[in-house]
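Biologist: Could we walk through this model together, one question at a time? I'm new to this, so please explain the terms as we go.

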Amino acid sequence: MKILGVETSCDDTAIAVIEAGKSRNKPHFRVLSNIISGQVDTHAEFGGVVPTLAARDHAKNFAPVLMKALKEAETTIEDIDLIGVTTHPGLMPSLVVGVHATRAVAWKEDKPILGIDHLEGHLAANLLDDEAPKVQFPAIALIVSGGHTQLVHMRSFLDYDIIGATRDDAAGEAFDKVAKLIGLPFPGGPPIAAEAAKPSEVNLELNLPRPMANKPGYDFSFSGLKTAVLYAVRDRYGTTEDPDIPEDEKAALCAAFQQAVVDVLVKKTVSAAWEYDAKTVMLGGGVAANIELRRQLGEALAHMAPADIRDEAEPVKYLLPPQGLSVDNGAMIAATAYLRWGAMSDEERSRARWQSISVEV
Ligand code: KG4
Ligand code: ZN
């Protein structure tokens with residue numbers, strides 16, 4: 001079936017068309033189009049997303065992005081079998097625009113429509129990789145984005161508990177705030193990762209904390225780490241307002257900060273995988289685009305399962321969303337709509353109409 005997915009929970013107007021079906025008893029997806037209209041310029045001067053400005057831009061971009069998504073998929077709205085739209089969580093003004101514009105389309109075209117949980121979307125993004133192995137449960141998922149840092153214990157894609165979450169800043173938010181502090185553009189994840197990848201001989205001896213890493217449980221906290229970077233910058237460069245940081249020191253600072261975040265995320269995820277005897281571990285959310293996180297979590301999982309001490313002799317499967325589909329996109333929302341639709345009765349499906357969905361924040 002052809003599914004239209006709409007995502008406007010933050011600052012990306014993202015609409016995709018996917019073809020979804022089953023092949024060899026597992027869901028199989030083909031992304032026919034995936035259009036993302038970002039708003040980096042709108043929010044750049046504020047160093048974070050301004051909800052009302054985001055809503056204004058979604059309203060402006062919705063129709064052109066929809067038309068482009070249909071055109072690139074070489075399809076028409078009449079050929080769409082199901083629509084999924086993010087209804088929660090997210091910025092309320094942003095969601096209102098996307099949900100109600102999509103509702104209007106569903107009404108006009110008389111199409112079934114489902115309200116989708118954005119975080120389930122980040123989980124489903126793992127299925128959009130053609131090469132992905134069949135997911136075996138129980139699974140542990142780490143969702144790390146600009147708004148969330150969560151560890152999820154999954155019995156299936158639609159049946160899960162959140163076992164840990166951040167108590168303050170999300171991991172992506174910490175990247176964004178540290179980037180702002182040291183004069184890198186928003187969103188901060190990609191430029192910090194790029195700086196961290198530069199070779200640097202400098203050792204700043206920052207000794208940044210790994211908050212919560214050695215505490216029991218699966219909660220996170222990143223605001224102390226962000227503050228530790230702030231104090232280090234203040235002490236070393238005399239100011240936190242536009243500090244003048246030499247290039248090689250900036251690279252070393254970014255690498256140290258990124259490593260502190262990655263250490264905490266890897267440690268907690270591996271502990272959860274042990275405790276819940278996970279057969280699969282997966283990643284989701286914008287920070288899952290981080291190459292060091294992807295690599296180091298994979299390495300830690302590969303070393304985690306010596307067959308002699310674990311009951312399960314099989315190594316843990318490790319799933320990653322395709323690099324470009326880690327950040328917010330419509331394809332992951334469409335894929336989630338497919339999974340939800342598959343679990344519904346005929347009666348529930350007949351009620352999946354525009355009247356039954358609304359923003360859920
Ligand atoms: O999932 P997402 O696109 O939007 C939310 O739902 O929040 O995540 C955006 C976040 C931003 O904070 C951004 O800085 C971060 O993901 N991010 C990264 C990378 N790419 C995006 N963080 C670290 N490394 C990256 N390569
Ligand atoms: Zn997201």
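Modeller: Happy to. This is a predicted model, in which local features need pLDDT of at least 70, side-chain atom pairs count only at pLDDT 80 or more, and totals for chains, interfaces and linings use all residues. Residues are numbered from 1 along each chain as its sequence is written, chains are lettered from A and ligands numbered from 1 in written order, and side-chain values use heavy atoms, without hydrogens and water.

Biologist: How are the donor residues of the zinc ion (ligand 2) spaced in sequence?

Modeller: Donors are N, O and S atoms within 2.8 Å of the metal (3.2 Å for Na, K and Ca), and water is not among the atoms, so sites may look incomplete. For the zinc ion, the donors are NE2 of His118, NE2 of His122 and an OD atom of Asp328, at 2.0 to 2.1 Å. Written as a pattern, their spacing is H-x3-H-x205-D.

Biologist: In which helix do histidine 118 and histidine 122 lie?

Modeller: Helices here are DSSP runs of H or I with at least four residues, strands are E runs of at least two, and both are numbered from the N terminus. The two histidines are four residues apart, about one turn of the helix. Their helix spans residues 118-124 and is called α4.

Biologist: Are histidine 118 and histidine 122 buried or exposed?

Modeller: Buried means under 20% relative accessible area and exposed over 50%, with partly exposed in between (1.4 Å probe, protein chains only). By that rule, both zinc-binding histidines are buried.

Biologist: Moving to ligand 1, which residues come nearest?

Modeller: A residue counts as near if one of its heavy atoms lies within 4 Å. There are 19 residues around ligand 1. Asp328, already mentioned as a zinc donor, is among those that come nearest to ligand 1. The full set of nearest residues is Gly146, Asp176, Gly189, Gly286 and Asp328.

Biologist: How far is a polar side-chain atom of aspartate 176 from an oxygen atom of ligand 1?

Modeller: Let's set it beside two backbone examples. A polar backbone atom of glycine 147 is 3.3 Å from a ligand 1 oxygen, and for a backbone N or O atom of glycine 189 the distance is 2.9 Å. For the side chain of aspartate 176, the distance is 2.7 Å.

Biologist: Which loop holds proline 187?

Modeller: Proline 187 follows phenylalanine 186 through a cis peptide bond, with omega near -10°. Another cis bond joins histidine 88 to proline 89, with omega near -25°, and proline 89 sits in the loop between β4 (82-88) and α3 (92-109). As for proline 187, look in the loop between α5 and α6.

Biologist: What is the phi of arginine 24?

Modeller: Arginine 24 belongs to the loop between β2 and β3. Its side is exposed to view, so to speak, with a relative accessible area of 79%. Although arginine 24 is not a glycine, its phi is positive, at about 45°.

Biologist: Is methionine 212 buried or exposed?

Modeller: Methionine 212 also has a positive phi without being a glycine, with a value near 70°. This residue is found in the loop between α6 and α7 (223-237). With a relative accessible area of 13%, methionine 212 is buried.

Key: Polar contact = N/O pair within 3.5 Å; in protein donor to acceptor, adjacent residues only side chain to side chain.
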